[in-house]
Structure formats: structure tokens, C-alpha cells
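Dear colleague,

I am handing over a structure for your study. Please look through it before reading the notes beneath it.

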Amino acid sequence: MLGTAQWGHAYGATNVVGRLSDAEIASIAALAHEAGVTDVDTARAYGDAEQRLKPFASQFSVTTKISGAGDVSGHVLDSIANLGLDSVTAVLVHDWDELDSDRQTESALALSQLIDRGAVSRAGVSVCAVAGLEAAADVFDAANVPLRAVQVPANVLDRRFDESVVLADLAAAGSHVVARSAFLQGILLSLGGGRADHRDVARFRESLDGQTSPLEACLGHVRALPWATHVVVGATSTWEWSEILTAWESCTPALLDASLGSSDLDLIDPRRW
């Protein structure tokens, strides 16, 4: 999946480009379409990313994310209008982990009504922690709303979801299970500086021993996750996006050793940065 966080603001711990230009966005979208990338991920929280996706949205299957803290139906319909579409493939509650149980249930029910109206095909959540995923499975089940799309962080350092039975069951049932943060906002691809100097990041670089690039190792790892049906990645330039697409095709799907996992939440959870 093509991620669009950089389209609306200067997303990414290693992003030195900032918010992408119109020309760069058009080039990235064209290259994605040419390469056969069929899905794109966006969100209301990504500045004006939805509006900037509008000229290309009809070429892709669009997943967007909204807040469950307010008018869920209104947020979704506004997003669909911003995208210039009649409907979207999936809508995820972006702040699921921060909602109380009542708001979680209300959000699930609101998305179910939008599915009935034909505005949304799949309803789901974006979570940061295992507890949030488990709560989503319980809440959606209790509300009798199919949990048909989820997004979770996963990379060589963040191994919290590696053996998730919930994700495996969802994928087996046909849900979209999306792995995000494959590069930990670029930190895993950096040669050093800031969080890239963390001992756990350095250990990952040392483990490669020059046999494979960090980019191929990161992509090969998430490609091998048994429950991942999609992987969302963003880029700050057409060149970077081209490199990602090439590495995706050439990398060997293989989970990296579990010993490389980090227990430092201050590193692997961007909410703590």
C-alpha cells in the first residue's frame, strides 16, 4: 500500500524533504499505478493529504482513517467528499487506543451504518498495542459488526504482534491486516544519528553483515509476517519510492531473528517520542 502521510505534512523521523510538492505526488502516484500498486492509505489527520490524493484516488482502492471521538459518520462523509469518491474501501478508527469502551462501540456501530449505506466496504481500527487489537475484536464482535480491516505496527524491532492469534484469525477470515512502520519512520534505514544510534537499531545494522541492505531486510521481514495481507509504506521522493518498489520485488521474505526485537517502548512506539 502507498502511504500518504508525507503528502499532508512533514511526516517521518528522518524526513528532510518535508511536505511533498504537487509534482512529486503526481510522480509517485503514477509510478505506483504503473507498478501495479492497487491500494493507498490516507487519513484525515494527515493534513490535506486526502484533498491532494483526490486527482488519483479513483485509480486505487482507498483506506482512510478518522477519529472516533467525534461525529464518525460526518468525518467519513467529509473524507469521501475530500477524495472525490462515492465510497471508500475501508475506514479505520485512527484513535482507537485512546477511546473509552462506549465510544469504541459507538464508532463501530456508526461505521456499520455507513456500510449499510454503501459508503464504506470495510470497517476497522488502527491500533498501537496488543491490548487495543484485542479490545477491537471484542467490541466489534459484541456490536455484531465485522472487523474487516486492521492496521498494526510491525518491524524487525517491534515484535509485539508477531504471533498474534487475533491477526491470524482475521486474515484467515478475509480481513485486511495491514502492517505499518516497516522502517520505523526511516530510523531502521538510517546510518546513524538520533534514535538510529540506539543500541537496538545498531544491533540490527550489525546483524546484516553487509549481506543485504537494510531496506531489503526490513521489507523481507514484513513480507514474511504470516498474517499480513498488506504492507503500507510511504516515500519522500519518487526516487525513494522507486527504490522501495525495486527492493519489494527483489527481497527474500524472511522473518529476522526474534532476538533482534526491542523491549524499549520509548524507541518502538512513536507516541512516546
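The notes below cover the sheet and then the cavity.

This is a predicted model, in which local features need pLDDT of at least 70, side-chain atom pairs count only at pLDDT 80 or more, and totals for chains, interfaces and linings use all residues. Residues are numbered from 1 along each chain as its sequence is written, and side-chain values use heavy atoms, with hydrogens and water left out.

The strands (DSSP runs of E, at least two residues, numbered from the N terminus) form an open sheet of 8 with parallel pairing, in the order β1-β2-β3-β4-β5-β6-β7-β8. β1 (2-3) and β8 (230-231) are at the edges with a single partner strand each, so one side of each has no neighbour in the sheet. Strands count as paired if DSSP finds at least two bridges between them; β7 and β8 pair in the parallel sense over 2 bridges. Val-178 stands opposite His-230 in β8.

The structure holds 1 cavity of 30 Å³ or more. A cavity is a set of points on a 1 Å grid over the protein atoms alone where a 1.4 Å probe fits but cannot get out, and lining residues have an atom within 4 Å of a point. The largest cavity has a volume (the space filled by probe spheres set on the points) of about 40 Å³. Its lining includes Met-1, Gln-151, Val-178 and His-230. β4 (88-93), β6 (149-153) and β7 (176-180) each give two or more residues to this lining, and β6 gives the most, with 3 residues.

Yours sincerely

Note on methods. 1 Å grid on protein atoms, 1.4 Å probe; cavity = no way out; pocket = protein on both sides within 12 Å on 5 of 7 lines; lining within 4 Å. Helix = DSSP H or I, 4+ residues; strand = E, 2+ residues; numbered from the N terminus.
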